[in-house]
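Trainee: I should like to understand how the descriptive terms for a structure are justified. May we go through them one by one?

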Amino acid sequence: MTEHDGYNLRLYVAGQTPKSIAAIANLKKICEQHLPGRYEIEIIDLMKDPALAMRHQIVAIPTLIRQLPEPLKRIIGDLSNTEKVLIGLDIRPN
Amino acid sequence: MAEKARAKSRDLPTVGKSATGIRGLDEVTLGGLPQGRPTLLCGSAGCGKTLFAMTFLYNGVVEYGEPGVFLAFEERSEDLIKNVGSLNYDIERLIAEKKLAIDHVEIERTKIEESGEYDLEGLFIRLGFAIDSIGAKRVVIDTIETLFSGLENEHLLRSELRRLFEWLKAKGVTAIITGERGEGTLTRYGLEEYVADCVILLDNRIHDQLSTRRLRIVKYRGSAHGTNEYPFIIDDKGITVMPITSSGLAHVASTERLPSGIPDLDQMLEGKGYFKGSSILVSGMAGSGKSTIAAHFADAACASGVRCIYFAMEESPSQIIRNMGSVGIDLQRWVDKKLLRFSARRPSLFGLETHLATMYREVSDFVPGAVVIDPMSALLGAGETGDVHSMVLRLVDFLKADGITALFTNLGVSSETVTTEIQISSLMDVWLLLYNRESNGEHNRQLYLLKSRGMAHSNQVREFIMSSDGIKLREVYVGPDGVLTGSARLTQETKDKAAGLLRAQEIERRRRELERKRREIAAQIEILRAQLASEEAEVGLLNSEGSAHADQLAADRVAIGMSRQTGARPYRPAPKPANKPKK
């Protein structure tokens, strides 16, 4: 992954749960397909850094936050519904 | 009573209790909320759920050394801190000291897109982290139902909530979960299904435009609890639940006395005054002197070192102090010495139950030995007659249980009513009836001790007079024309006095007459005696004159004889020669 002025995405998970693993896989797939070369994914495991849950207002797991471009967008779930992810991230399907 | 019950529950292996530190609530729950378990606190909007919950946490830190976490779904931390600042809770300090943590959970449906399966593990992690970081023993979740409007998947939410409550139990924290009241259900989303250990319902009812907050313990698994609705108040001194409904008749009767403050009235009460812990009713019409009797009582209580609360329903404290100054009672000095506390409020300020709760709070705050409620009848303005009766009954019971002597004044509608409107006369131990009788164009105050339980008391109607040095009781004038008071009494007394004077004068006159006569007679006797004496003297003179004459005759005869040379001897050889010298 290289620096991009495109999409900066953060995925919050809690350990290696099936939902977390599915979410990571789904996110990568969607990004590769719709934002090739224009995205950056940061995966944050709240089990390792629980203080971030409060600081970043995380309730549901998994939660995907679009840090950039502004404004902030949130999507919760394992991201299995691609259409909703695209709407949530404000990405026009290719 | 509550004290005893609490002690008992401590002895038995029952549910552990976590004291809330909320006055009254710990009595009603016999010790507090179930320890290490979640309690559901439900009620409609604005009935004080959040304040209740925050008080639970605050007291936990300040009074019981148990740190707490507040998970807020509805209010932001800053707002929450500001809101409870009105209760003088310094939340910021507790947060700085790491005794309290507030976490505001923001959920807004419009900002969240859902895609696929999720759970609320994030919430668990947050809460778990907050709990662990300060070692919290108490948790408040306010109001978790917000999740239902923030997230779509209700089915998932329900299973996650179930998991959350189990998780809280496993964590061993004592938790309060608040919930909004639903139509026909305790909470809108049926939280009571999950939180089954203890459910407390708060309520804010409006009756006749007066609101009364009430609390009821709907269920408390594994513990006895009070089942009634208890009024509670929220004000700058925090939350107070009035734990009494009717405490029964188990109070201990005292034989100690408390003076009435009116020496003449004490005389009517076996010379000692009221029994300590008794309830005294002073009833009478407007202006019959009820408040003055009440003030005398307060004054006397303070003078004997007993603290007193004066609940004023119609006058402001300064007005009472000024007015009582005119009859020579200085109440201000007791206020200054913190022996007397005024608590003035209009009856219509809030509902009856709230009045009761406020009084309860004041009494448990100040711990007085005497209480004045002036006038009790004003409470009718705050509720129905039946409600007032029940309220006064509870108040009397509560005061009696604490051994507090209470004086209630009651404004009667007509003179000489032998019933009070609120029908509480039977609850009272002493009943002073004040009349204001009109006769001869003036009103005169009279006092009658209608009853006084447990002591021989005077049955006389007394006239009472308010002077610049307090109330004086006078025996009324009972004459052939009936009972006389006021100027009629004075007139009669003057009349009597005049008649007495006249009689005295008459006697004096007679006495002097007699004296005069005696002296007259004595004088007459003197005159007669003088006459007699002079007559006697005259007679004596005649006698001596007679004998002198005879002597003369004899002497003359001798002289004649001598001249005739008869040699005759004198007629009588006179022992005392005659006046004439013989040569």
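Mentor: The following exchange sets terms against their definitions. This is a predicted model, in which local features need pLDDT of at least 70, side-chain atom pairs count only at pLDDT 80 or more, and totals for chains, interfaces and linings use all residues. Residues are numbered from 1 along each chain as its sequence is written, while chains are lettered from A and ligands numbered from 1 in the order in which they are written.

Trainee: Why is α13(B) called roughly parallel to α14(B)?

Mentor: Helix α13 (residues 352–366) of chain B and helix α14 (residues 385–401) of chain B have axes that cross at roughly 10° and come within 10 Å. Angles under 35 degrees count as roughly parallel, over 145 as roughly antiparallel, 65 to 115 as roughly perpendicular and the rest as oblique, so α13(B) is roughly parallel to α14(B).

Trainee: Which residues of α13(B) make the contact?

Mentor: They are B:Leu352, B:Leu356, B:Met359 and B:Tyr360. Two residues are in contact if their C-beta atoms, placed from the backbone, lie within 7 Å.

Trainee: How do you know that β4(A) and strand β6 (residues 112–114) of chain B pair?

Mentor: Strands pair if DSSP finds at least two bridges between them. Here there are 3 bridges, in the parallel sense, and therefore the definition is met. A:Arg74 stands opposite B:Ile112 in β6(B).

Trainee: How many residues does each chain bring to the contact between chains A and B?

Mentor: Chain A gives 27 residues and chain B gives 22 residues. On the side of chain A that touches chain B, α3(A) gives the most, with 4 residues.

Conventions. Helix = DSSP H or I, 4+ residues; strand = E, 2+ residues; numbered from the N terminus. Axes fitted to C-alpha atoms, helices over the stretch in contact; angles between N-to-C directions.
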